[in-house]
Amino acid sequence: MTASHSDSLVVLFGATAGAYGAKLGSDERELILLVWQVVDLHSKKVGTLHKSLVKADNLELSDQCQEVSGLTPEGLSKAEPLDRVLQQFSQLISSDLKLLGRSSYTLCTDGQLLIRQVLHPEASKKNFLLSDCFYSFYDLRKEFHTCYPNSAPVKDQTIKSMADYIGLETDETEEDFGVWQVKTMVAIIFSMLSETCITDCRFTDPETVKYKYETGPCSKSEAVDSETVIRARGLPWQSSDQDIARFFKGLNIAKGGVALCLNAQGRRNGEALVRFVNPEQRDLALERHKHHMGSRYIEVYKATGEEFLKIAGGTSNEVAQFLSKENQVIIRMRGLPFTATLEDVLGFLGPECPVTGGKEGLLFVKYPDGRPTGDAFVLFSCEEYAQNALKKHKEILGKRYIELFRSTAAEVQQVLNRYLSTPLIPTLPTPIIPVIPPPYTIAAGSIRDCVRLRGLPYTAGIDDILEFMGDATADIKPHGVHMVLNQQGRPSGDAFIQMKSSDRAFLVAQKCHKKMMKDRYVEVFQCSGEEMNFVLMGGTLNRSGLSPPPCKLPCLSPPAYAAFQTAAAVIPAEAALYQPQALLSTTRTPQASAAAPPTVTYYPAQAAQLYMNYTAYYPSPPVSPTTVGYIAAPPAAVAAAASATHTPMLPQPGALVRMQGLPYNTGMKEILSFFQGYQYAPDDYNGLIQLNDQARSVLQAPKEWVCL
C-alpha cells in the first residue's frame, strides 16, 4: 500500500518495558503498549482512540518505564501477546475506516524507532510476519521539519517541542501515558495541513522498510560512503547473509550489502561488513550493539567503505557474469575432487535441486594457473532447491566427502580475489644488512636467565608479547624472543624469552604470571637456557623434570645439548634470508614512520643454525625486541657486506622456497618438474649450497627447468 493512494493516517505510539525516547529499542526490551487513532486527511475527522496493553515474555519493567508509563507487571500479565494485539489492531482500523468512508491508510509515528527498532526486530525474533502496513510509514518529525524548515533539527525534535513551536497548549499530566502523545500528534498534523504551513506538505513521501534483503555483486570501482558501513563481530560461523539481514530487520541494507569476512584459511571468522542505504540507517544499526542473534550477542562498530570494497569488491568479468542473475540463493561447495567436472557436480546435486541455468549456474574456483582449488559456487532459484542441496552436506563425490554451506555474493568475490591474487612462488624481499651485526647462539647452560610464556593467544605476535612484558622489554637480550611453532608452522601458544640476567627473569616471572593478553591469561615461568633449548627441540618441561621429545626416531638436537648426541638437522646459512611474515608478524617500533620501508630481519651466518624438530615443534627465527640497527640496503651494500663477512648470499633475483605436504615417495625430478618454467638457476648456484653429486649433476641440466 503506497502513500500516494492513502487517504487516511493512523497515528501510532508505542512503548517498551525498557528505554524510552531516543533510546527506544536499544536495549532489546519488548513492546508493552500501543496507542493509535485514525485521521481522515480530507475531512480532518478522527476515529476512536484505542489503547492496548501488550503482554511481554519478560514482565520485568525498568524503573524509567514504570515511572513514565505508570504500568505494572500485574496489569500487563492480563494483556494479550503481541501477535494477538496486532490482529485486533488491524480489525479495529478497518472498522474505523469504514465509519469514515475511507479504504486505505498509512501509519504515522513519532520518529522511526517504534517501527524500525521495536516492531520489526521483535516480530522477527518471535517468528511472525507483520502486515504490509508496517513496511511504509510517515516520520512525523521529518514531515514537521519539511513543513517548518526553521524548527529544530529532526534528531532533536520531540512531540512536546513540535507542539511548543506551533503554539499548541497541552498538559501532559491530564491524560494517560500514550493518550496525550497521540492526541498531540493529531493536533500537530491538523496544524501542518492548515494554511499556517510554510510549504505545501501533504504527506506524499513515506519512509519504507525493505521486505527482504537483495543480493547482488559489488565492483571495486563502486563508490561506497564510509558513513553507511558497519562491522558486525561475534557472528555464529554458520550464519548467512540472510541471517545477518534478519538481525538488522527493519533497517534497509543496500543491495549486496552483506559481506562475510574470511580468515587466512578461507573460512568465516565470525565477522561481517554491512552496508546500509544511508547514514541514518547505519546510525540505527549502531544502536543494536550487543543485541542477540540466538544465544550470542553481536558487537556492532563503525567501518569504512574501503574495508567493505576490500572484502566485497571484485573485478573479474567471470564473477560478474555469474552474479548477474539476481535474487538467487548461493551455495558454496568445498572439498571437490580436482578432477571433478561440471557434469559431475550437476549429477551430485541431482534433479531434486536443479541449478539455475544449468552449467552457467556453476562457478569453479581456480588458481591463476588454472588448477582447481576444490571450491565451487552454485546458484539456485529458490530456497527449496537450496535446502535440498544442503541436505547433501558431507555426501561422497568420487572418493571425497563434499561440504556445502550457504554463501553470499560478497563471499564469492572474496574467495575469487584471494585465490587469483595468490603468487605462484613468493619472491624474496630486498635484503638488508645490520649496522652492528650482533652474534647469536642458541642458549645453553643451567643459569635461569630465561622465561617461558605458556597459553598465548594463537593470534599473538611479537608486538603483543613485547606489550605484555611492558618495561621489562629493555632487559631482553638481542634476538632473545623465540616463538614456538608446531609442525604446520602455526603458533603453539608457547614462547621463550632470553633475559639479560637471572634476576631480571625472576622479576618478569613474578610480575607477568597470569597477566591477561587479549582475552586469555598467560603463565610465565623462569627457566634456564638448557631447558628452553630442550623444549624448542620438542621435549617437555613439567613438574617431574625434563622429558625427551615424543618421537620414535632419534631426536634432532643441537650439538650443545649432550643428552641425545645425534646428527643435527641444520638449515644452511643461505636460508638465513627469508620472509619473516611466513612465521611471525613484523615488529613495530614507536619511532617508525608511515613512509619507512617494511622491516625484514637479516640473520648473520652465526645465527643461521636453526635446529628443526620435525616431530613436535620447531623454533621460529630469533627476533630482537626492536628493529633499531637494521636498514634496507642497496644491492651494492649487500655485495660489500657479503664479501666482507664471507657469508654466502643468494644472487638477485632469487629465493628459497619451502614446500610442505609432499608425498613421501617424491624425488628430486618430481620437484623440479613441479616448478618447471617458473625460475632459472643462476650460473653460480653450485657454489651457494652444499650439494651431493646427484644434485650437482641435475643442476648442470638445461637451465629452463631448474629450480632451487
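## The protein as a whole

A residue counts as buried here when its relative accessible area is under 20%. With that cut-off in hand, we can look at this predicted model: of the protein's 708 residues, 49% count as buried. About 35,300 Å² is exposed, and carbon and sulfur atoms supply 53% of that area.

The protein holds 20 helices and 28 strands. How do contacts spread along the sequence? Among contacts between residues at least 6 apart in sequence, 73% join residues at least 24 apart.

## A sheet of six strands

Let us begin with a sheet from the earlier part of the numbering. Strands in a sheet pair through backbone hydrogen bonds, and the pairing can be parallel or antiparallel. Here six strands make an open sheet with mixed pairing, in the order E3-E2-E1-E4-E5-E6. At the edges stand strand E3 (50-53) and strand E6 (207-208), each of which pairs on one side only.

Try tracing the sheet from strand to strand. E1 and E2 run antiparallel and are joined by nine bridges; Val11, for instance, has Gln37 in E2 as its bridge partner. E2 and E3 also run antiparallel, with four bridges between them, and Leu33 is matched with Leu53 in E3. Is E2 mostly covered or mostly uncovered? It is mostly covered, since the count of buried residues in E2 is ten of ten.

Further along, the sense of pairing is parallel: strand E4 (residues 106-109) and strand E5 (residues 136-139) pair this way over three bridges. One match to look for is Thr109, whose bridge partner in E5 is Asp139. Helix H4 (residues 113-125) packs on the sheet and touches strand E1 (8-16), strand E2 (31-40), E4, E5 and E6, with its direction at about 70° to that of E1. Helix H5 (residues 140-147) packs on the sheet too, touching E4, E5 and E6; its direction makes about 50° with that of E5.

## A sheet of five strands

Now move to higher residue numbers. Another open sheet has five strands in the order E15-E16-E14-E18-E17, and its pairing is antiparallel. Why do E15 and E17 each have a side without a neighbour in the sheet? Strand E15 (362-366) and strand E17 (395-397) stand at the edges with a single partner strand each, so one side of each is left free of a neighbour there. On average, neighbouring strands of this sheet are turned by 35° against each other, ignoring direction.

Strand E14 (residues 329-334) has partners you can follow in both directions. Five bridges join E14 to strand E18 (residues 400-407), and the two run antiparallel; Ile331 stands opposite Arg406 in E18. Six bridges join E14 to E16, again antiparallel, and the bridge partner of Val329 in E16 is Phe380. E16 itself is mostly covered, with eight of its nine residues buried.

## A hairpin and two helices

E15 and E16 pair in the antiparallel sense over four bridges, with Phe364 standing opposite Ala376 in E16. These two strands form a hairpin with five residues between them. In the turn sits Gly370, which has a positive phi of about 95°.

Two helices lie across this sheet. Helix H13 (residues 383-390) crosses E14, strand E16 (372-380) and E18, running at about 150° to E18. Helix H14 (residues 409-420) lies across E14, E15, E16 and E18, and runs at about 30° to E15.

## Aromatic rings

A pair of aromatic rings is described by the distance between the centres and the angle between the planes. How many aromatic pairs does a search of the whole structure find? The search finds twelve. One of them is Phe144 with Tyr148, a tilted pair with 4.8 Å from centre to centre and 45° between the planes. Both Phe144 and Tyr148 are buried. Elsewhere, ring pairs link Phe13, Tyr20 and Phe177 into a cluster.

Rings can also have a charged side chain over the face. Lys515 lies over the face of Phe468, at 5.3 Å from the ring centre. Arg520 lies over the face of Tyr458, at 5.9 Å from the ring centre.

How values were computed. Residues numbered from 1 in each chain as written. Predicted model: local features only at pLDDT ≥ 70, side-chain atom pairs only at ≥ 80, totals over all residues. Heavy atoms only, no water. Pairing = 2+ DSSP bridges. Axes fitted to C-alpha atoms, helices over the stretch in contact; angles between N-to-C directions. Contact = heavy atoms within 4.5 Å. Buried < 20%, exposed > 50% of the residue type's maximum accessible area, 1.4 Å probe, protein only. Areas by Shrake-Rupley, 256 points an atom, 1.4 Å probe, with all protein chains shown as cover. Phe/Tyr/Trp six-rings, centres within 6.5 Å; stacked < 30°, edge-to-face > 60°. Lys NZ or Arg CZ within 6 Å of the ring centre and 35° of its normal.
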